[in-house]
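Subject: The structure I promised you

Hi,

Here is the structure we talked about, for you to open and look through. Once you have it on screen, read on for what turned up.

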Amino acid sequence: MKKNNVTLNQTAEAPTAFSFLQHWSAYKKKKDIDQFGKVLESCDPQSFPKLFSSSIDADMVIAIVDAVDKYFIPSKQHQKALEILQAVTKVQRFDVMTMLMSQKDKSTILMLSIVLEGDDKV
């Protein structure tokens with residue numbers, strides 16, 4: 001396996017911080033939301049604070065929100081979407097990252113919270 005060739009087969013187990021960052025780098029190059037969604041799907045949202053520690057940045061938060069919007073919501077994985085959104089807010093520096101988000105990104109988060117709040121299965 002080449003160093004820069006991160007495949008979905010590596011998502012069978014929950015990623016470590018190092019492997020998540022490898023997936024993140026691959027996502028930034030390819031912008032494949034389905035692949036990134038599958039990586040997030042393999043994560044335990046409760047591990048986010050430890051998984052990301054201080055390595056999270058605004059672009060990563062935005063990509064996570066996009067994955068929730070474009071991968072988890074269409075596939076009706078609303079419970080997992082909610083768990084991911086709640087967990088990402090507990091990551092160190094999340095408050096700082098929201099200050100760096102555009103109004104569009106903040107609106108997406110608001111829209112997602114309304115959709116998930118209105119889902120009686122969540």
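At what angle do helix 4 and helix 7 pack, and how far apart are their axes? The angle is about 40°, and the axes are 10 Å apart. That makes helix 4 oblique to helix 7. The crossing of these two helices is left-handed. To find the pair, look for residues 58-72 for helix 4 and residues 103-117 for helix 7. One thing to keep in mind throughout: this is a predicted model.

Now a step back to the whole chain. The protein chain has seven helices and zero strands, so reading along the sequence you get α-α-α-α-α-α-α. Of its 122 residues, 41% are buried. Among the contacts with a separation of 6 or more, 72% are between residues 24 or more positions apart.

Back to the first pair. On the helix 4 side, the residues that meet helix 7 are Ile 62, Val 65, Val 68 and Asp 69. Across from them, helix 7 brings Asp 105, Thr 108, Ile 109, Met 111 and Leu 112. Sorted by class, this contact has six nonpolar, one polar and two charged residues.

Leu 112 is a good place to zoom in. This residue sits in helix 7. Is Leu 112 buried or exposed? Leu 112 has a relative accessible area of 1%, which means that it is buried. Leaving out residues up to four places away in sequence, Leu 112 touches Val 65, Val 68, Asp 69, Ile 73 and Leu 85. Another pair to try with the distance tool is Leu 112 and Asp 66: they are 46 residues apart in sequence, and their C-alpha atoms are 10.0 Å apart in space.

Helix 4 also packs against helix 2, which runs over residues 33-41. Here the angle is about 100° and the axes are 9 Å apart. Helix 2 and helix 4 are therefore roughly perpendicular to each other. From helix 2, the residues taking part are Ile 33, Asp 34, Phe 36, Gly 37, Lys 38, Leu 40 and Glu 41. They meet Ala 63, Ile 64, Asp 66, Ala 67, Lys 70, Tyr 71 and Phe 72 in helix 4. By class, that contact has eight nonpolar, one polar and five charged residues.

Which residues of helix 2 are buried? They are Ile 33, Gln 35, Phe 36, Gly 37, Val 39 and Leu 40. What covers them includes helix 1 (17-30), helix 3 (48-52), helix 4 and helix 5 (78-88). At the start of helix 2, have a look at Asp 32 too: one of its side-chain oxygens comes to within 3.2 Å of the backbone nitrogen of Asp 34.

Ile 33 deserves a click of its own. This residue belongs to helix 2, and at 17% relative accessibility it counts as buried. Setting aside neighbours within four places in sequence, Ile 33 is in contact with Tyr 27, Ala 63, Asp 66, Ala 67, Lys 70 and Tyr 71. Take Lys 70 from that list: Ile 33 and Lys 70 are 37 residues apart in sequence, with 7.3 Å between their C-alpha atoms.

Last stop, the loops. Where is Lys 76 found? Lys 76 is in the loop between helix 4 and helix 5. Its phi is positive, about 60°, although Lys 76 is not a glycine. At 65% relative accessibility, Lys 76 counts as exposed.

Arg 93 also has a positive phi, near 80°, and is a residue other than glycine. You will find Arg 93 in the loop between helix 5 and helix 6 (94-99). With a relative accessible area of 36%, Arg 93 is partly exposed.

Then there is Leu 100, in the loop between helix 6 and helix 7. Is Leu 100 buried or exposed? Leu 100 has a relative accessible area of 58%, which means that it is exposed. Its C-alpha atom is separated by 9.3 Å from that of Asp 57, and the two residues are 43 residues apart along the chain.

Happy browsing!

Definitions and conventions
Residues are numbered from 1 along each chain as its sequence is written. This is a predicted model: local features need pLDDT of at least 70, side-chain atom pairs count only at pLDDT 80 or more; totals for chains, interfaces and linings use all residues. Side-chain values use heavy atoms; hydrogens and water are left out. Axes are lines fitted to C-alpha atoms, for helices over the stretch in contact, and angles run from 0 to 180 degrees between N-to-C directions. Helices (H or I, at least four residues) and strands (E, at least two) are DSSP runs, numbered from the N terminus. Angles under 35 degrees count as roughly parallel, over 145 as roughly antiparallel, 65 to 115 as roughly perpendicular and the rest as oblique. A crossing is left-handed if the near helix is turned anticlockwise from the far one by less than a right angle, and right-handed if clockwise. Contact means heavy atoms within 4.5 Å. Ala, Val, Leu, Ile, Met, Phe, Trp, Tyr, Cys and Pro count as nonpolar, Asp, Glu, Lys and Arg as charged, and the others, Gly among them, as polar. Buried means under 20% relative accessible area, exposed over 50%, partly exposed in between (1.4 Å probe, protein chains only). A polar contact is a pair of N or O atoms within 3.5 Å; within protein, one must be able to donate a hydrogen and the other to accept it, and residues adjacent in sequence count only if both atoms are side-chain atoms.
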